[in-house]
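These are my notebook entries on a structure that I looked up element by element. I set down each term with its cut-offs where I use it.

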Amino acid sequence: MDLISYLRENAGTVLLYGEQHLLVVFFAIALGSTISIGFALLVTPGEAAPQRWSLDWILGAIRDGALLVTAAALTVPSLALLVLLLPLFGLGAATTVTALTIYSLYSVLRNSVAGLSSVDAGVLESAKGLGMGRLRRLIRVQLPLAWPVILNGIRVATLIDVAIAAVAALVRGPGLGQLVLTGLSRYGAANAFNQVLVGTLGCLVVAAVFEIFYAIVERLTVPRGIRV
Amino acid sequence: MSRATTNPGGSADRPPDQQPMIVLEGVSKTYPGHLTPAVAEVDLAVARGSIVMLVGPSGCGKTTTLKMMNRLIEPTTGRILLDGEDVTKVNADQLRRRIGYVIQQVGLFPHFTVGQNIGVVPRMLGWERRRIRQRIDELLELVGLPPGEFRDRYPRQLSGGQQQRVGVARALAADPPVMLMDEPFGAIDPITRERLHDQFLEIQRTVRKTICFVTHDLQEAIKLGDHIAIFAAGGRIAQYDTPEMILSRPANDFVREFVGSGAAVRRLHLIALSTLALDKIATGSSATAGAHPVIEVDGSGRPVAWIRVPGVDGSPALATVPLSGSVYDAVDAMLDAHSSAVAVVDGDGRAVGALRWEALVGELQMRGRHR
Ligand SMILES: Nc1ncnc2c1ncn2[C@@H]1O[C@H](COP(=O)(O)OP(=O)(O)O)[C@@H](O)[C@H]1O
Ligand SMILES: [Mg+2]
């Protein structure tokens, strides 16, 4: 059977897998981004020249430590991490989402820290001088100005997760990985190659859908005054 | 002089509106890890509604002194009183909302429109939306940016000078009694800076704020300041006085050297043309010989050319200077036109008098003797 007729016959299944893939990545990214951005907000100094050097030093150490740990996590082979998580979360979606969340942390965290701390010193100083407290400076000034950089981190994390989500089929994770895995296990049989091919192309489509989504989000959320 | 340096606290028997607005008493700041103080034992009293310029070479503690007033930096020792109240006794953020703050980098929020930038402090203070809108337009008018055109622009769509004017409007938004300005015009080209200076003084005439203004430019300090505090290395105040006194009576060698050899010329800035007795002018070609300079004017009374200036052979080139200017401007115009006389014109460009070189030198001699 050629690819087209395979698709036509299995459209429902393929779409279901695609949808699962999309959702599992979406949840993981939402969770990972919330954790990373929240953490970055906590450890970012609210001013250009902090007055208490000891506090600044401690925050810096925590920041660097967190970046190191999340970067290290990214180098753990996905297969190994999935298997390591199995005793905790069992087969299926929970393990998958957890693993994908872990893989998304580094990119979002790194960009959040970079974006939040790259806000112009003069802007921060005048914010403080006008009587904005630390929280207000973070939420009203630093976060919106860092947002384009943070959003880019989320994009990269999404691409990583779309790819890794396919591997999660090995622990019965939902998504297009199921197609690839089935195809592999029946290699040589009828339609086995089509399954692998559709699974792979499906990941591309899912990535493209995310890209379109982020383009819209960017349009809607990046303040007009700093849009390039 | 009865200024309050000698009496920083403002004694209780003085009526409150004559108490200084800002008082620094023995204020020092030593940054952590530094052996020498950045600011050492500074006493300063700033009268209500006046402009004090903090001037001195870079690194001598001007910015540090200014930032201690709104607690962006905490002093190591000493007291700072704002309107009689110790600033360390108030919540820092609340304190800062009552003090306008303008810096060289301007620091407008790039993601806010001009209007939103100006509205920041009123919003924090919980003003009604309508009142904030009104205030934004009022302030844009005040700093010479038509609200209709500028309110909804973003900072990146403004020139440096326009940005700085928005910075000033933002600092003025909640009508704070005190303004702190740290080299606000430092990054602006000389021509625009001149215009901003004039506008700044004009605004000050209407708003009457108590202003501390940091600069490293003595010229700027003389032009804008009611009083000048000259900072010396090590964060000490070498002299605190009026521009006039700083230029004519430097208190020590440091000030003398800082003021430099151009003091006499600089002092000309301080003499407004409107305070001089100008030569009367005769107009039109009909005028015959007499003691007055004769000038040819056009239909609306604007000078066209000198016909005759007593004591000068031939008719010198015409130079004009506005009556609102200083003697410095008049001399500058004379030198520029290679002419020993200048016509002084009013706001509509009509000639109101003449200033001759000889008369000017005579007048300055008189003033020198009376000082
Ligand atoms: N945040 C800081 N930490 C340590 N030293 C500082 C800090 N800010 C200023 N200084 C030092 O304090 C001195 C005075 O600085 P500053 O007040 O900025 O001078 P000015 O504004 O007159 O140029 C300088 O020697 C400067 O290096
Ligand atoms: Mg400075």
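**Entry 1: a charged pair within one helix.** I began with B:E138, which is partly exposed because its relative accessible area is 46%. For this term I noted that buried means under 20% relative accessible area, exposed over 50%, and partly exposed in between, with a 1.4 Å probe and protein chains only. B:E138 meets B:R135 in a salt bridge, with 2.6 Å from N to O. I take a salt bridge to be a side-chain nitrogen of Lys or Arg within 4 Å of a carboxyl oxygen of Asp or Glu. B:R135 counts as buried, because its relative accessibility is 14%. The two residues are three apart in helix α5 (residues 129-142) of chain B, so about one helical turn separates them. Helices (H or I, at least four residues) and strands (E, at least two) are DSSP runs, numbered from the N terminus.

**Entry 2: how I read the model.** The model is predicted, so I recorded that local features need pLDDT of at least 70 and side-chain atom pairs count only at pLDDT 80 or more, while totals for chains, interfaces and linings use all residues. Residues are numbered from 1 along each chain as its sequence is written, chains are lettered from A and ligands numbered from 1 in the order in which they are written, and side-chain values use heavy atoms, with hydrogens and water left out.

**Entry 3: further salt bridges.** How many salt bridges does the rule give over all chains? The count comes to 21. One of them joins A:R155 to A:E218, the closest N and O atoms being 3.2 Å apart. A:R155 lies in helix α6 of chain A and A:E218 in helix α8 (residues 192-221) of chain A, so this pair ties together parts that are 63 residues apart in sequence. I found A:R155 to be buried at 15% relative accessibility, whereas A:E218 is partly exposed at 28%. I also looked up B:D348, which forms a salt bridge with B:R350 at 3.0 Å between the closest N and O atoms. B:D348 is partly exposed, with a relative accessible area of 46%, and B:R350 is partly exposed too, with 37%. Salt bridges that share partners join A:R155, A:E211 and A:E218 into one network.

**Entry 4: strand β9 of chain B.** Is β9(B) enclosed or open? All six of the six residues of this strand (residues 227-232) are buried, so the rest of the structure largely encloses it. B:H227, B:A229 and B:F231 point one way, and B:I228, B:I230 and B:A232 the other way. In a regular strand the side chains alternate between the two faces of the sheet. Two strands pair if DSSP finds at least two bridges between them. Strand β3 (residues 51-55) of chain B pairs with β9(B) in the parallel sense over four bridges, and B:V55 stands opposite B:I230. Strand β10 (residues 236-241) of chain B pairs with β9(B) in the antiparallel sense over five bridges. There, B:A232 stands opposite B:R236. The hairpin of β9(B) and β10(B) has three residues between the strands, and its B:G234 takes a positive phi near 90°.

**Entry 5: a buried lysine.** B:K209 lies in the loop between α8 (190-207) and β8 (210-215) of chain B. B:K209 counts as buried, because its relative accessibility is 5%. Its C-alpha is 4.7 Å from that of B:G49, although the two are 160 residues apart in sequence. The side chain of B:K209 reaches the backbone oxygen of B:P176 at 2.9 Å.

**Entry 6: where the chains meet.** I found 27 residues of chain B in contact (heavy atoms within 4.5 Å) with 23 residues of chain A. The rule finds one salt bridge across this interface. A:E125 and B:K67 form a salt bridge, with the closest N and O atoms 3.6 Å apart. The elements that give two or more residues to the side of chain B that touches chain A are α2 (92-97), β6 (99-103) and α4 (120-124) of chain B. Of these, α4(B) gives the most, with four residues.

How values were computed: A polar contact is a pair of N or O atoms within 3.5 Å; within protein, one must be able to donate a hydrogen and the other to accept it, and residues adjacent in sequence count only if both atoms are side-chain atoms.
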